[in-house]
Amino acid sequence: MGGMNAPHDARPVEISDDVIRLGQFLKLAGLAESGAEARELVTEGEVRVNGEVDTRRGRQLHRGDVVSVDHPQGTESATVA
């Protein structure tokens, strides 16, 4: 496994409210193509919030949180903005 340094390539994705649920953000940021894929990624522990695996799709994210998804082709990250 790689180091725990924060991904510097995390792109900002703006949200319309002050909070957004993890499952919704995965779709909004394009880290998951559908709600079903988002659920699968979260359930399988492929999603990290601020560097820690989170398996709660309903977790509330706030601006500044960094979400990373481990794909076979590499890790993709987005920041809640």
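## Around Val 53

Leaving aside residues up to four places away in sequence, Val 53 touches Gly 45, Val 47 and Arg 48. Bear in mind as you look at these contacts that the model is predicted. Val 53 belongs to strand E4, which covers residues 52–53.

You can also follow a longer step along the chain from here. Val 69 lies 16 residues from Val 53 in sequence, and their C-alpha atoms are 9.6 Å apart.

## The loop before E4

Next, have a look at Asn 50. This residue sits in the loop that joins strand E3 (47–49) to E4. Its backbone is worth a glance: phi of Asn 50 is near 55 degrees, a positive value in a residue that is not glycine.

Is Asn 50 buried or exposed? Neither word fits, because its relative accessible area is 42%, and Asn 50 therefore counts as partly exposed.

## The annotated region

Now for the wider setting. An unreviewed UniProt entry lists residues 20–76 as "domain: RNA-binding S4". Over residues 20–76, helix makes up 28% of the chain and strand 33%. The C-alpha atoms at the two ends of that stretch are 19 Å apart.

## Confidence along the chain

Before you build on any of this, here is how the predictor scores its own work. The average pLDDT of the chain is 91, and 90% of the residues score at least 70.

Residues 1–7 are a stretch to treat separately: pLDDT stays under 50 there. For these residues the model has 4 contacts beyond four places in sequence.

Definitions and conventions. Residues are numbered from 1 along each chain as its sequence is written. This is a predicted model: local features need pLDDT of at least 70, side-chain atom pairs count only at pLDDT 80 or more; totals for chains, interfaces and linings use all residues. Side-chain values use heavy atoms; hydrogens and water are left out. UniProt positions are given in the numbering used here, feature names are shortened, and annotations may be inferred rather than shown by experiment. Helices (H or I, at least four residues) and strands (E, at least two) are DSSP runs, numbered from the N terminus. Contact means heavy atoms within 4.5 Å. Buried means under 20% relative accessible area, exposed over 50%, partly exposed in between (1.4 Å probe, protein chains only). pLDDT is the predictor's confidence in each residue, from 0 to 100.
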